[in-house]
Amino acid sequence: PTPPTLTPIAVAPGDGIGPELMAATLRVLEAAGARIEPRPVEVGQEVYLRGVSSGVAPEAWEELRRTGVLLKGPITTPQGGGYKSVNVTLRKALGLYANVRPARAYAPFVATHHPGMDLVIVRENEEDLYAGIEHRQTDEVYQCLKLVTREGCERVVRYAFEYARAHGRRKVTAMSKDNIMKLTDGLFHRVFDEVAREYPEITADHLIVDIGAARLGAQPERFDVIVTLNLYGDILSDIASEVAGSVGLGGSANIGQSVALFEAVHGSAPDIAGQDKANPSGLLNAAALMLTHIGQGDVAARVLNAWLRTLEDGIHTGDIAGEHTARRVGTQAFADAVIER
Ligand code: NAD
């Protein structure tokens, strides 16, 4: 038989717990038969401490554009002036316009009050109050401008509907505050209504974001896909992961025209770095999203099934609460358990 074609992917292990998690994740991917060729790139703390303020090594950009896919560990964001968040730099420079964060319950294996919840938040990732247009008018008056474009709205809304169609989801809910911000949020709502008409098989509705957030907290099982502006999406997706009981388990995809970046939802956890304690599940879920993105859904399913079976067997890292724990293990032993399954 001819050997399978390998898809090159850029891999940045990241800072803190990142390298341990990446090692565990790549071992699982290899065991699952992922047809990938990992190409290491330098992104993160070491790079900016070397004086490259973006935190991204110059050669890394070329590799990112060539492979079009980055699997990334968490990056420690330098505190204080002079440095921008590496994550924000990557999103802007690579045009990663949609941030996709699934949030689902794994009851009863991970404790949650909402066992039926299974939703995906698609967040606009470049505009809104994150455009970074802030200035001081006087010592006592500061201003931050909210930037919303038709193109930005249309891209993210269309992505949400295409995602729903591709993944067999039936409803897309937009959230905005267009009763108050009639121009910016109004544009988002208007574009949502326009694009929704092109997807008659998918139910489309809209909620004002405050009542939307309240419902998300109280009845998350009512939602399927949620599409929203950058700041609302940032807040809503943390609420959703918390309610699912799985903050440490979530993976996310940052989608652009020609590059996509996959990472865990959590940060670099310097408090437990180098101790073989961290849960690799967030990065593993991100890697599964990546495999689906590059057309290896078969491998993604194998990885996810083995991972779910590990949870069902009560094998957990120390961060997971629940009565269904048979064995507490470290990072690498957890990966071994997934590989066995
Ligand atoms: P954090 O997510 O790193 O840690 C919060 C708490 O959760 C800590 O107690 C940590 O031990 C625990 N935790 C996180 N991930 C875990 C895992 N996989 N397994 C077990 N426990 C885990 O958040 P923080 O402390 O606010 O941030 C630390 C650093 O990470 C900061 O420099 C921040 O800027 C950065 N950060 C990076 C990203 C990213 O790269 N995408 C995201 C968030 C935060």
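## Helix α9 and its end

In this predicted model, helix α9 is followed by G295, a residue whose phi is positive, near 85°. The helix itself comprises 13 residues, and the distance from its first C-alpha to its last is 18 Å, close to the 18 Å expected at 1.5 Å a residue.

Helix α9 is mostly covered, with 11 of its 13 residues buried. The buried positions are S281, G282, L283, L284, N285, A286, A287, A288, L289, M290 and L291. The elements that cover them include the helices α1 (18–31) and α10 (297–312). Strands also contribute to this cover, among them β3 (69–72), β11 (251–256) and β12 (260–264).

## The largest nonpolar core

The largest nonpolar core contains 99 residues, of which V122, A287 and V303 touch the most other members. Helix α9 (residues 281–293) supplies the largest share of this core, namely 8 residues. In soluble globular proteins, nonpolar side chains tend to be buried together.

The surroundings of V303 can be listed in detail. Leaving aside residues up to four places away in sequence, V303 touches V28, L29, A32, L284, A287, A288 and L291. Of these contacts, L284, A287, A288 and L291 are among the buried residues of α9. V303 lies within the residue range of α10 (297–312), and V28 and L29 lie within that of α1 (18–31).

## The ten-stranded sheet

An open sheet is formed by 10 strands in the order β2-β1-β3-β12-β11-β4-β5-β10-β8-β9, with mixed pairing. Strands β2 (36–40) and β9 (203–208) stand at the edges; each has a single partner strand, so one side of each is left without a neighbour in the sheet. On average, neighbouring strands of this sheet are turned by 25° against each other, direction ignored.

Within this order, β4 and β5 are adjacent. Strand β4 (residues 96–104) pairs with strand β5 (residues 118–124) in the antiparallel sense over 7 bridges. One of the positions involved is A103, whose bridge partner in β5 is L119. The range of β5 (residues 118–124) also includes V122, one of the residues that touch the most other members of the largest nonpolar core.

## The β6–β7 hairpin

A separate pairing involves strand β6 (residues 134–138) and strand β7 (residues 141–144), which are antiparallel and share 4 bridges. The two strands are joined by a hairpin through 2 residues. In this pair, R136 has Y142 of β7 as its bridge partner.

Technical notes: Residues numbered from 1 in each chain as written. Predicted model: local features only at pLDDT ≥ 70, side-chain atom pairs only at ≥ 80, totals over all residues. Pairing = 2+ DSSP bridges. Axes fitted to C-alpha atoms, helices over the stretch in contact; angles between N-to-C directions. Core = buried A, V, L, I, M, F, W, Y, C linked by C-beta atoms within 7 Å. Buried ≥ 20, exposed ≤ 12 C-beta atoms within 10 Å, placed from the backbone. Contact = placed C-beta atoms within 7 Å. Expected span 1.5 Å × (residues − 1).
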